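Welcome to this guided tour! Keep your viewer open and select each stop as you reach it.

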Amino acid sequence: MKAKLRLIPLFLLFSTISANSQHDQKNIISMELPDYIQFVNPFIGTKNMGHTFPGATVPFGMVQLSPETNFEPMHTEGKYNPETYRYCSGYQYSDSTIFGFSHTHFSGTGHSDLGDFLVMPTVGKLKLEPGDAALPKSGYHSGFSHANESAGPAYYSVLLDDYNIRAELTATERVGFHRYTFPKTDSAHIILDLMAGIYQHADKNVWSFVRIENDSTVTGYRQTNGWARTRTVYFVMQFSKKFKSYGHQKYNKPLYNGFYRKFNESGNFPEMAGKEIRVFFNFDTEEDEQILVRFALSGVSTEGAMKNMQTEIPHWDFDLIRNESQRKWNTELAKIEVETIKPEEKTIFYTALYHTMLSPVIFEDVDGNYRGLDQNIHQSEGFSNYTIFSLWDTFRALHPLFNLIQPARNSDMIQSMLAHYDQSVHKMLPVWSHYANENWCMIGYHSVSVIADAMAKGNTGFDTKRALLASVNTSRCSYFDGIGEYMKRGYVPEDMSANSVSKTLEYAYDDWCIAEMAKKESDSVIAGEYEKRAVSFENVFDPGFRFMKPKLSNGDWVMTFDPLDTHGQGFIEGNAWTYSLFVPQNIDRLIGMNGGNNKFIAHLDSIFTMKLDDKYIEKNEDITRDGMIGNYVQGNEPGHHIPYLYNWTTKPWKTQERVRMIMATMYGSKEDGLCGNDDAGQMSAWYVFSALGFYPVCPGSNQYVIGSPMVKEALLHFENGKSLKISTVNQGQENVYVRKILLNGKQLHRNYLLHEELTGGGELVYYMGKNH
């Protein structure tokens, strides 16, 4: 495909997305490439439950510098505060206040942490309390308008109305870069709030420590006990202008302060420590004077943070860093060139691709040092260390997408998982890990799926024998989440471990992955053992009821059972209708258990057409009407493969119909353009695959199942130097049915593509029509 985006000789104009303009062109980079970042709208998913953030970051960057539009504590009056869920990323588009700019965030998750090192510029009387969003001028927060806000890859800007301060943000992998334009005043302040955080609770801040190294350099760290229970992040903060004075307020009352009682620590004292502190720096400014702040992070030490700063931003040229960081984005986005039917579809596609590169994130200093799971400092050798592994979500499509367009990086991620295993006292691979901590969220041991998928697709830049051993040992940790009973009985009993059916089904799939890995390693003993474990799904299938159903430890079925309910029925974030279809490793057997071809088709049809009563979703944070079609839930992960299951029946055209309907109705180009949590990029990865016309129903195999492409044409550039051109004939909004497919000039007579067929390069042509 010839690039149809404009080529700008000698320079490339980069754009931002603002409330008033989709093409607010501002920056110039000396290069001759198509401008892909103009199609990225970071505000997509910031309204409602997409849980994305609009701030500045680079691909897979540790620093994700973004505004916090409100503070909602995790608990109020001793009970869970459901409003905190809306702020998993710190930002809600419906808000009109900004409390500051924090340096770490999750993208799209359904639980949260982070929000480290909030910085807020103000003028006038110094206020150290954040205040109440509903009460203007009640604290240091400010009002703002979307008319004066803009965002694009590696750039965010907003006018803080209460202070008439223009805030601009950009970032490198490990350093945030702030530029604040002040009015003329003798009372300008920059606040560093070490109490602020996402999913904040009374005991989250363990300790903070700050040193004033000189009149423009500050160092320190913060340790928190949140979703990650032992998390320490170090920082170096440098100002482009000397501050005239500084101080801090300590909000906790230490029982013992030793002989520090000799000092007045509150003002111009160069050492600060406490569980809850806020620091302030005072300046005089002229009209439109700019004060810049470089803020480097490290998981290792302040020395490491300083090295990161000196390496990545050794100067004060904000625009240069912004341009270099946007160029990084353009390079990554250029790996898939697409043309679409409608302009907004290109925005949806490239924003989805952008969202797939917000996690995992790099988690090591520029010298290769990183903090490990054992809280010791390690040196990465032969790989870059990554963190934020939301594996229950991302094994499905995100990591398979990386095996296509980011294989070297995905190999590094797997080596990071193996380092986690080596440092684990449980001898387990990550379940859900971030910032040198295992948080144990969700179920399964889906690191093995990520590893098996890489091995199946020839992406083996890691020790595969070691990976197999790590996978086997993980699957044999008897005290983890019902595995002991699963190994003993062939299923997880509901009276011994909740969500037992979901666990049994996901363990069985993961065990199939281990069997496939063992075959690759010619280990027939392990392969045989895990092939037997992989059919454990049969043990929770009730043939009379034709649903997966919880069993008790005595072998009896649970008597009270509602297949539509998501609570107390043996499932997690899904019901029996959804989870009864999770047997990706043996779909032919699944169809047979459900009565054969015709009955299975009817069963799939009913999922999309049935009406689900509100009582089944009203208590579920992760499932809302916005992400549902009948009883099918696109807004959460367990059912993402379901629309593709028609390919195993005599009516594969129904997959094409369903997939195009989902893309057209569940994704959009505005702030509410995600129908549920983006979940660390999984929701977006589903769209990227589906828009190209295929999807990895069973990660761990080398097959991608055919769907219906949304794009008119695409060009995929692979790391092996080859490219795949995807073309469509007679593409249109109504032409959703695939009449035939040509692969390198030969007609494809099956409903799947092989990984090596894609990465081998060439041309894939879909012939589309209105009729199936």
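Start by selecting histidine 717 and serine 723: serine 723, in strand E37, is the bridge partner of histidine 717. Strands here are DSSP runs of E with at least two residues, and helices are runs of H or I with at least four, numbered from the N terminus. Before going on, note that this is a predicted model, in which local features need pLDDT of at least 70 and side-chain atom pairs count only at pLDDT 80 or more, while totals for chains, interfaces and linings use all residues. Residues are numbered from 1 along each chain as its sequence is written, and side-chain values use heavy atoms, with hydrogens and water left out.

**Stop 1: a hairpin**

Now select residues 711-717, which are strand E36, and residues 723-729, which are strand E37. The two run antiparallel and are joined by five bridges; two strands count as paired if DSSP finds at least two bridges between them. Together E36 and E37 form a hairpin with five residues between them. Click on glycine 721 in that turn, where phi is positive, at about 90°.

Is E36 mostly covered or mostly open? It is mostly covered, with five of its seven residues buried. Buried means under 20% relative accessible area, exposed means over 50%, and partly exposed lies in between, using a 1.4 Å probe and protein chains only.

**Stop 2: the neighbour and the whole sheet**

Next, select residues 336-340, strand E22, which runs antiparallel to E36 and is joined to E36 by five bridges. Two pairs to find are glutamate 337 with leucine 715 and glutamate 339 with glutamate 713.

Which strands make up the sheet? Six strands form an open sheet with mixed pairing, in the order E22-E36-E37-E41-E38-E39. E22 and E39 (746-747) stand at the edges with a single partner strand each, so one side of each has no neighbour in the sheet.

**Stop 3: hidden spaces**

Turn now to the cavities. A cavity is a set of points, on a 1 Å grid over the protein atoms alone, where a 1.4 Å probe fits but cannot get out; lining residues have an atom within 4 Å of a point. Grid points are joined across faces, edges and corners, and a volume is the space filled by probe spheres set on the points.

There are eight cavities of 30 Å³ or more. The largest holds about 150 Å³ of space. Select Asn385, Tyr386, Ser416, His420 and Ala436, which lie nearest its centre among the 17 lining residues. Helix H6 (407-423) is one of the elements giving two or more residues to this lining, and H6 supplies the largest share, four residues.

The second largest cavity has a volume of about 70 Å³. Its lining includes Phe395, Arg396, Glu637 and Tyr695.

**Stop 4: cysteines**

How many disulfides are there? The count is zero, where a disulfide is a pair of cysteine sulfur atoms within 2.5 Å. Select cysteine 88: the closest cysteine sulfur, in cysteine 441, is 11 Å from its own, too far for a bond. Cysteine 513 is in no disulfide either, as the nearest cysteine sulfur, that of cysteine 698, is 6.4 Å away. Cysteine 88 is buried, with a relative accessible area of 0%, and cysteine 513 is buried with a value of 0%.

Notes:
1 Å grid on protein atoms, 1.4 Å probe; cavity = no way out; pocket = protein on both sides within 12 Å on 5 of 7 lines; lining within 4 Å.
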